[in-house]
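Work through these exercises with the model open beside you. Each task is followed by a solution in steps.

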Amino acid sequence: MPTRKKDRLATTAIDQFRTDGYLGPYKLCEPEEMATVRCDVERVLQTPSPDHDTLAHNRHLDHRCIYDLAAHPAIVSRMASIYGEDLLLWRTNFFVKEPGAKAIPWHQDYNYWPLEPPVIISAWIAIDPSTEANSCLQLIPGSHRNLLPHVSAGKEMAFQEMADPTGFDTDDARLIEMQPGEFVLFNERTLHHSAPNTSDMRRVGLAVRVIVPLVKVLKWDSPSHALMQISGRDPLGFNRVAQPPPIA
Ligand SMILES: O=C(O)CCC(=O)C(=O)O
């Protein structure tokens, strides 16, 4: 999918990403358009995956509509402005937080991932409205400059490990409220979390994980898991790469 000139980032924005570890929100599409996409997403989330049990994981591999969201030029062009043209889609994850869903603890993604080196940029796309009330994503600007140890998280948390709470100050957190169709970018070290969903509104977001060719995937998620080239080329060939699902 081609990158778009209008979505390229200015040098000031690239510098801001370096300073804060995140950028956005930006608009991928209008909320009305996302309402149509949401119907596709709901259908996908009820359809068994071909080779693993988690309905919310890597559905860009078997559904073109999810691939098209993940590889949208509004996202890819901005990522390419920061990380260069050669970009490979590694994973997608839907984060579905129904009313009553647990908190996702403060964490840095690098802690969990089988990548060497763990260099990655994520886009988090709001599928539903994402507000403080229904537990929007929160980020701490500048937190990517400190690698934190991760410790065991409590049972009230949705993840088993969390960043050591003595290593950062949550007073610095920013609430990232977004309309459906908006997205934010962040890197593998940016501290982020979401509170329990105490509202009666579901909150669905799609996290899109993108790497550059020098990163080696040490462990694949399933037999059919492979990278997809979303921009440029892969001059190193360290990883397996597959074609996107055909256009429906
Ligand atoms: O959706 C959330 O609440 C958390 C998302 C997250 O942890 C991530 O995208 O890495």
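**Exercise 1. Find how strands S5 and S12 pair, and name the residue opposite Ile125.**

Step 1. Locate strand S5 at residues 121-126 and strand S12 at residues 203-211. Keep in mind that this is a predicted model.
Step 2. Compare directions. S5 and S12 run antiparallel and are joined by six bridges.
Step 3. Go to Ile125 and look across to S12. Its bridge partner there is Leu206.

**Exercise 2. Follow S12 to its pairing with S2 and say how many bridges join them.**

Step 1. Find strand S2 at residues 87-97.
Step 2. Count the bridges between S2 and S12. There are nine, and the two strands are antiparallel.
Step 3. Check two pairs. Arg91 has Arg209 of S12 as its bridge partner. Asn93 is bridged to Ala207 of S12.
Step 4. Move on to S14. S2 pairs with S14 as well, again in the antiparallel sense, over three bridges. Here Leu89 stands opposite Met228.

**Exercise 3. Place these strands in the whole sheet: in what order do its six strands lie?**

Step 1. Read across the open sheet. The order is S1-S10-S5-S12-S2-S14, with antiparallel pairing.
Step 2. Mark the edges. Strand S1 (22-27) and strand S14 (228-231) each pair on one side only.
Step 3. Add the twist. From one strand to the next it averages 30°.

**Exercise 4. Decide how well S2 and S12 are covered.**

Step 1. Apply the cut-off. A residue counts as buried if 20 or more other C-beta atoms lie within 10 Å of its own.
Step 2. Score S2. Eight of its eleven residues are buried, and S2 is mostly covered.
Step 3. Score S12. Eight of its nine residues are buried, and S12 too is mostly covered.

**Exercise 5. List the residues that surround the ligand, then sort them by class and by strand.**

Step 1. Collect the shell. Phe95, Ile104, Asp109, Ser122, Trp124, Leu137, His192, Ser194, Gly205 and Ala207 surround the ligand.
Step 2. Sort by class. The shell holds five nonpolar, four polar and one charged residues.
Step 3. Sort by strand. At least two shell residues come from each of S5, strand S11 (192-194) and S12.
Step 4. Link back to Exercise 2. Ala207 belongs to the shell, and Ala207 in S12 is also the bridge partner of Asn93.

How values were computed: Residues numbered from 1 in each chain as written. Predicted model: local features only at pLDDT ≥ 70, side-chain atom pairs only at ≥ 80, totals over all residues. Pairing = 2+ DSSP bridges. Helix = DSSP H or I, 4+ residues; strand = E, 2+ residues; numbered from the N terminus. Axes fitted to C-alpha atoms, helices over the stretch in contact; angles between N-to-C directions. Near = placed C-beta within 6 Å. Nonpolar A, V, L, I, M, F, W, Y, C, P; charged D, E, K, R; others polar. Buried ≥ 20, exposed ≤ 12 C-beta atoms within 10 Å, placed from the backbone.
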